[in-house]
Amino acid sequence: MSELMITPIFQTHADQLQVRVFATREEMGKAAAAEAVRSLQQRLRIQERVRVIFAAAPSQNEFLHALMEAADVEWDRVEAFHMDEYIGLSRTADQSFARFVEERVIRLAEPGLNAWHPLNGTAEPAEECRRYEVLLRERPIDFVFMGIGENGHIAFNDPPVADFADKAWVKPVELDEACRQQQVNDGCFPSFEEVPTHALTLTVPALMSGTELFCMVPGPTKKQAVYCTVNGKISEACPASILRTHQRCTLYVDVEAWGEVASEHG
């Protein structure tokens, strides 16, 4: 990336989780993307192909925009996955997470990705989970680009269904009310009633299997989730708290998401 390095206004750590706070969500996205590009380049120097799991949410927009503006990523050596999809929703629907990744990553990658594996929300759920798990387990996952939900979820592992010791890597879940309301808050659906009630999700162990995790969490609606992630007990009550146990995970937030956490960490 040609831009000058963006310096966080505050840095700390919570257990093994590195935390970097930026003045704006745009700076957060650019800084995270610059570091992701460096990591991608380093990994591609030592192996033929890298495998990346993408999140699909408005919180990722600034990061993905900056990532895809980078001219020095060999995307034809990148294999892409995404971490969740609504059950029953067509890939062509505006709210489809596969479509989100296709529009913001796949179509912009030059000269094109090595492989792209979308989840199929219209397939029989159990069969689709088995199919996707086989693909994920073929080789190690190198990078996970992710966010945190308002209820502390990672992917669609909401507190009622999150399991840090899940044996499955992909499973169908029922979405809790806070998760469904977030989809309205994010402008993805016009009303709560229109948000699907069930989805397919990569499980916590699948996400945690990634060698390096980048977690981008901007905006004032994420303050409580960030607080619990950094300060709370490591438990399924705040699924994102598990990130504190990963050896190579960095949490990127803007000041609006950091909120009162700063009072606990200087």
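In which helix does Gln-182 lie? The answer is helix α5, and we will come back to this residue once the surroundings are in place. Keep in mind throughout that this is a predicted model.

Let's begin with the whole protein. DSSP runs give nine helices and eleven strands. Along its principal axes, the C-alpha trace spans about 50 × 40 × 35 Å. How does the radius of gyration compare with that of a compact globule? For 266 residues such a globule would have a value near 18 Å, and the protein has 17 Å, so the two agree. Buried residues account for 56% of the 266. Among contacts with a separation of 6 or more, 78% link residues 24 or more positions apart.

Now turn to the open sheet of eight strands, which has mixed pairing and runs in the order β1-β2-β11-β10-β7-β3-β4-β6. Its edges are β1 (10-14) and β6 (115-117), each of which pairs on one side only. Ignoring direction, neighbouring strands here are turned by 15° against each other on average. Inside the sheet, look for β3 (residues 50-54) beside β7 (residues 143-146): these two are parallel and share three bridges. Across this pair, Phe-54 stands opposite Phe-145 of β7. Helix α1 (residues 25-46) packs on the sheet, where its contacts are with β2 (17-22), β3, β7, β10 (212-217) and β11 (249-254). The direction of α1 makes about 170° with that of β10.

The two phenylalanines lead us on to the protein's interior. Both Phe-54 and Phe-145 belong to the largest nonpolar core, a set of 48 residues, and they are among those with the most contacts inside it, together with Leu-40, Phe-63, Leu-67 and Trp-75. Two or more residues of this core come from each of α1, β3, α2 (61-69), β4 (78-82), α3 (97-104), β7, α5 (177-185) and β10. Helix α1 gives the largest share, eight residues. To see the core from one position, centre your view on Phe-54: beyond its neighbours within four places in sequence, Phe-54 contacts Leu-64, Leu-67, Trp-75, Ala-80, Phe-81, His-82, Met-83, Val-101, Val-105 and Phe-145. Another core lies apart from this one and has 42 residues, including Ala-14, Leu-136, Met-208 and Val-230.

There is a second open sheet to visit, made of three strands in the order β5-β9-β8 with antiparallel pairing. Here the edge strands are β5 (84-86) and β8 (170-174), each pairing on one side only. The twist from one strand to the next averages 20°. Five bridges connect β8 with the antiparallel strand β9 (residues 198-202). As a landmark, take Lys-171, whose bridge partner in β9 is Thr-201.

Finally, back to helix α5 and Gln-182. Is this residue buried or exposed? Gln-182 has a relative accessible area of 5%, and therefore counts as buried, the cut-off being under 20%. Which residues does Gln-182 touch, not counting those up to four places away in sequence? They are Gly-149, Glu-150, His-153 and Lys-222. With Glu-150 there is a polar approach to look for: a polar atom of the Gln-182 side chain lies 2.7 Å from the backbone nitrogen of Glu-150.

Conventions: Residues numbered from 1 in each chain as written. Predicted model: local features only at pLDDT ≥ 70, side-chain atom pairs only at ≥ 80, totals over all residues. Heavy atoms only, no water. Pairing = 2+ DSSP bridges. Helix = DSSP H or I, 4+ residues; strand = E, 2+ residues; numbered from the N terminus. Axes fitted to C-alpha atoms, helices over the stretch in contact; angles between N-to-C directions. Contact = heavy atoms within 4.5 Å. Core = buried A, V, L, I, M, F, W, Y, C linked by side-chain atoms within 4.5 Å. Buried < 20%, exposed > 50% of the residue type's maximum accessible area, 1.4 Å probe, protein only. Polar contact = N/O pair within 3.5 Å; in protein donor to acceptor, adjacent residues only side chain to side chain. Rg over C-alpha atoms; globule rule 2.2 N^0.38 Å.
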